[in-house]
Every structure is written in structure tokens, then in C-alpha cells.
Amino acid sequence: MYRFGSVCVNTVSTAWRQLAASLNVNGASLCVSRGLQRTLCSGAVQHQEAQASTTAVEKDFSYLPPLHGEDSALRWGGKKFEELPIAHIKATYNNTHIQLTDSAGQSLVKTSCGTEGFKNRKKATPLAAQTAGISAAAKGTAKGINFIRVVVKGLGPGRLSAIKGLTMGGLEVISITDNTPVPHNGCRPPKARRI
């Protein structure tokens, strides 16, 4: 195994030396034959042109979100990311509340599984959360909302179903943020339930 590895390293190093020796002073030609040289050079020129054209586009567009306070070229329906309405989803173990607000925090639409007609244990199901999401989306589109940001809080069973309901209702979700409160060993938990 060791011999095979050393033979491979020697072969690669000799090939590299031959390639470096065939390299001209200008670094323009890589091989002696003109056909291969033309192919390599034209391919390199095409690659450089493509890279130059993409760098001009990359200055305006970035896949990464903008930093806080930094302006972005991305727009959704003519609105910046900070101006988009927010869908607050509070998923508890017994219910799921959905509230659509504008970027300033003023309430536009408010629904929950209970207001959709589900009672008792049925409020804590993913189907109820999805129904509430569809209802909130229908009310939001009636008020002219198309794009939303989603902020999820809680660990209930309706977390993902509520988001799915919002998209099924016709809203386009731009970002999903988890805002679940996590204690850093704050309050003492209640005594364990004995059954």
C-alpha cells in the first residue's frame, strides 16, 4: 500500500513538473500543440468573461440576507423585508393562535383553532392549526396581503401545520423565525404530576 501511494505521488509530481516546464514565460500556452493550446486559451477566455459578467450581477444581488441596518435590493411586492407583514404563530399544547400584523405591530387578522369551531382536545391537532392558517390567509388576502414573514413561538403540535395552512391559503412565506422562549435555568418547574 505504501509503495502504491509513493508511486502515485511520484507520477503526479512528474506530470506536474512537465506541465510547469511546458508553461511559457507569459503563462499563455500550456501545451505544444496549437489545437489544444487554442482550446485551452479560448476556454480560459470564456471562463474569464463569464466570471466578469457574474461579478457585475453579484454586486447588486446576494443570496445572504442583509445585515441589520444595511439596505438590500430584494423587494416583495414593492416592499422591503422590514416592511413585510408578520404572521405570529403561538403554538401551545392546547391551542394554536395566529395573528397577522403589519410591520409596525398593528393587528390586522386574528384567528385560533377555537374560533374556527374546534373544541376541547380537537383544538390541539395539526388539522385545526392548518384550518386556522387557511382562515387567516383568506382574511389576509382580502386585506391585500400577499407576502409575509412568519414568527413561530411554542412547541405545540400545530407549529408546521399552521405555516402550511398559510401557504395553502395563498400567502407566500418569505422567512420563518423561531422565537420560542428558552429558559436558561430561570424559574423552578412545577412539581411532577403523579398519576
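A crossing of two helices is right-handed if the near helix is turned clockwise from the far one by less than a right angle, and left-handed if anticlockwise. The exercises below use a predicted model.

**Exercise 1.** Describe how helices α3 and α4 pack, and give the handedness of their crossing.

*Solution.*
- Locate the helices: α3 spans residues 126-142 and α4 spans residues 159-168.
- Take the geometry. The angle is about 35°, and the axes lie 7 Å apart.
- Apply the definition. The crossing of α3 past α4 is right-handed.

**Exercise 2.** Which residues make the α3-α4 contact, and how do they divide by class?

*Solution.*
- Start with α3. Its contact residues are Pro-126, Ala-129, Gln-130, Gly-133, Ile-134, Ala-136 and Ala-137.
- Turn to α4. Here Ser-161, Ala-162, Lys-164, Gly-165, Leu-166 and Met-168 take part.
- Sort them. Eight are nonpolar, four polar and one charged.
- Note that Gly counts as polar in this sorting.

**Exercise 3.** Work out the strand order of the sheet and identify its edges.

*Solution.*
- The sheet is open and has five strands, ordered β3-β2-β1-β4-β5.
- Pairing is mixed.
- Each edge strand pairs on one side only: these are β3 (107-112) and β5 (172-178).
- From one strand to the next, the twist averages 20°.

**Exercise 4.** In what sense do β1 and β4 pair, and over how many bridges?

*Solution.*
- Strand β1 covers residues 86-91, and β4 covers residues 147-153.
- Their pairing is parallel, over five bridges.
- For register, place Ala-87 opposite Val-150 of β4.

**Exercise 5.** Which strands does α3 touch, and what angle does its direction make with that of β3?

*Solution.*
- Helix α3 packs on the sheet and touches β2 (96-101) and β3.
- The directions of α3 and β3 make about 155°.

Note on methods:
Residues numbered from 1 in each chain as written. Predicted model: local features only at pLDDT ≥ 70, side-chain atom pairs only at ≥ 80, totals over all residues. Heavy atoms only, no water. Axes fitted to C-alpha atoms, helices over the stretch in contact; angles between N-to-C directions. Helix = DSSP H or I, 4+ residues; strand = E, 2+ residues; numbered from the N terminus. Contact = heavy atoms within 4.5 Å. Pairing = 2+ DSSP bridges.
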